[in-house]
There are 2 protein chains.
Amino acid sequence: MECWFTDRTETFGIVCRVTGILHRERSPYQEIVVYETDQFGRMLVLDDVVMTSEADEFVYHEMMAHVPLVTHPSPRRVLVIGGGDGGVVREALKHPSVEEVRLVEIDQRVIEVCRRHLPGIASGFDDPRVRVTIGDGIEFVKGVRGEYDVIIVDSTDPIGPAVGLFKAEFYRDVAGALAEDGLFVAQTESPFFDAPLLGEIHRSLREIFPVVRLSLFSVPTYPGGLWTLSLGSKRHDPLTCPLERARGLATRYYSPEVHRASFVLPPFVQRVLE
Amino acid sequence: MECWFTDRTETFGIVCRVTGILHRERSPYQEIVVYETDQFGRMLVLDDVVMTSEADEFVYHEMMAHVPLVTHPSPRRVLVIGGGDGGVVREALKHPSVEEVRLVEIDQRVIEVCRRHLPGIASGFDDPRVRVTIGDGIEFVKGVRGEYDVIIVDSTDPIGPAVGLFKAEFYRDVAGALAEDGLFVAQTESPFFDAPLLGEIHRSLREIFPVVRLSLFSVPTYPGGLWTLSLGSKRHDPLTCPLERARGLATRYYSPEVHRASFVLPPFVQRVLE
């Protein structure tokens, strides 16, 4: 018998052959599953949506961490909202200037499951620079003023508890939680399938941040492959920042050249942002 | 009842909801199907593999045509091998210097089906500059010496009749069919799923052409999303060619900036080519 996992909308999706189910539970927030697959190794799936896999996690985690952390000239304090698998934390710790990575994850069980079943991704949690808060990232940023150099919003899709992470009110609170030259990034879905949402996000961000940019990268386990991160910055610009400090990073997808190229948008994507 | 089309390997693939089947036949070469879908409009499927769809065909066809035709300073004679849907022909005709586009397609039925069911893609066939030859592209290039400025190999996956289009012997014949400053491109699959093939192709090309490059682009209906074209050139280099002549092209994915950015390779892709 063959077993296939499907991650799809009403009209389109991906399928992946599953060779084993390492873990399955329903937490207070979502169904958490870790599949074993031939194509991608172990795969974390929340409410039937692929979050990450051993084979392609490097793309998303490197881009989400290094694009903002290289854009900022000297990031010391970093806040990660969501990201309970630990992949963004692991990448953030590669930057020598970073003194603290605070992770605010709503679902403690995601962290525990990933530490057990995806240890290569969750490898940063024992670093002394990492502090974990279990709680709602939306509430957390409301209580912080001017503290973080970089905030990284590593959320699920905009359904259920993550809906608020795609709203203008949240972005204003993020701006308030950033230091005076701080910047943030958020994963903002697919330019092919989520164009209206992406346009709305960018119109909101342009009212809050002087520098707003979109970066593209390719994650094969996300439907359509092409994915986005949106960046809002009070001062530093990822298009003009010096990239020398990125030279020493051990990476497989990110590089200084990829950093710049990821902001080159096809005309159809430019039009989405207008 | 819901009907879903699946395009997958042994381990991974895409699924797309189908709302109608406009055409289905078995030609002497393959099964040809045109589905109607909500997500992508009409979709051409050969032997259960997506070739193109109305919604995303612009990405592939623009990149396959404009990358080589802008790299060459003045392309007059263009040969398209495969590409029976006509999308590459349509894009090639946008270049004012082009005097002839010769299409060599093995399966006449693909052309006929696309002219009927995908007229927006097949719109170039009635242009007086277009000449269609029904035949095997591998045999065709053997009989041609120094004639073409640009050759575009728009093939199916390397199975069945297309296997030979991914071989060194074919690339040598292509080099022979090119003018002394000619260049060619071929679609060369996914860097995530076809890395060994891609490495082999590039090692072959480097023995034949002084300039060999890889360009990346994102096609949501191709598994994994990230796709490649490989370029072999006798003289002109897509990394240094002037891009001013691309400014006037009416495109949705290709632009001069996208042209350059598409050749920026993540480190994991660079390693595939070594």
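Let me start with the second largest cavity, at about 30 Å³. This is a predicted model, by the way. The lining of that cavity has 13 residues. Closest to the centre are A:Ile14 and A:Gly224 from chain A, with B:Ile14, B:Pro220 and B:Gly224 from chain B. By class, the lining splits into 9 nonpolar and 4 polar residues. Charged residues there: none.

How many cavities of 30 Å³ or more are there? The count is 2. So much for the small entry; now the largest cavity.

Its volume is about 340 Å³. The lining of the largest cavity takes 20 residues. Nearest the centre we find A:Leu216 and A:Ala261, plus B:Leu216, B:Ala261 and B:Ser262. Which elements give two or more residues to this lining? In chain A, strand S11 (211–218) and helix H7 (256–261). In chain B, again strand S11 (211–218) and helix H7 (256–261). On chemistry, the largest cavity is lined by 16 nonpolar and 4 polar residues, with no charged ones.

Now the two chains. In general, a rotation about an axis and a shift along it relate two copies of a chain. What turn lays chain A on chain B? A turn of 180°, with a shift of 0.0 Å along the axis. The RMSD is 0.0 Å. The two copies are therefore related as by a two-fold rotation axis. And the same surface serves both copies: of the contact residues of chain A, 100% recur in chain B.

That's the tour. Over to you.

Methods
Residues numbered from 1 in each chain as written. Chains lettered and ligands numbered in written order. Predicted model: local features only at pLDDT ≥ 70, side-chain atom pairs only at ≥ 80, totals over all residues. Heavy atoms only, no water. Least-squares fit on C-alpha atoms with pLDDT ≥ 70 in both. Contact = heavy atoms within 4.5 Å. 1 Å grid on protein atoms, 1.4 Å probe; cavity = no way out; pocket = protein on both sides within 12 Å on 5 of 7 lines; lining within 4 Å. Points joined across faces, edges and corners; volume = space filled by probe spheres on them. Helix = DSSP H or I, 4+ residues; strand = E, 2+ residues; numbered from the N terminus. Nonpolar A, V, L, I, M, F, W, Y, C, P; charged D, E, K, R; others polar.
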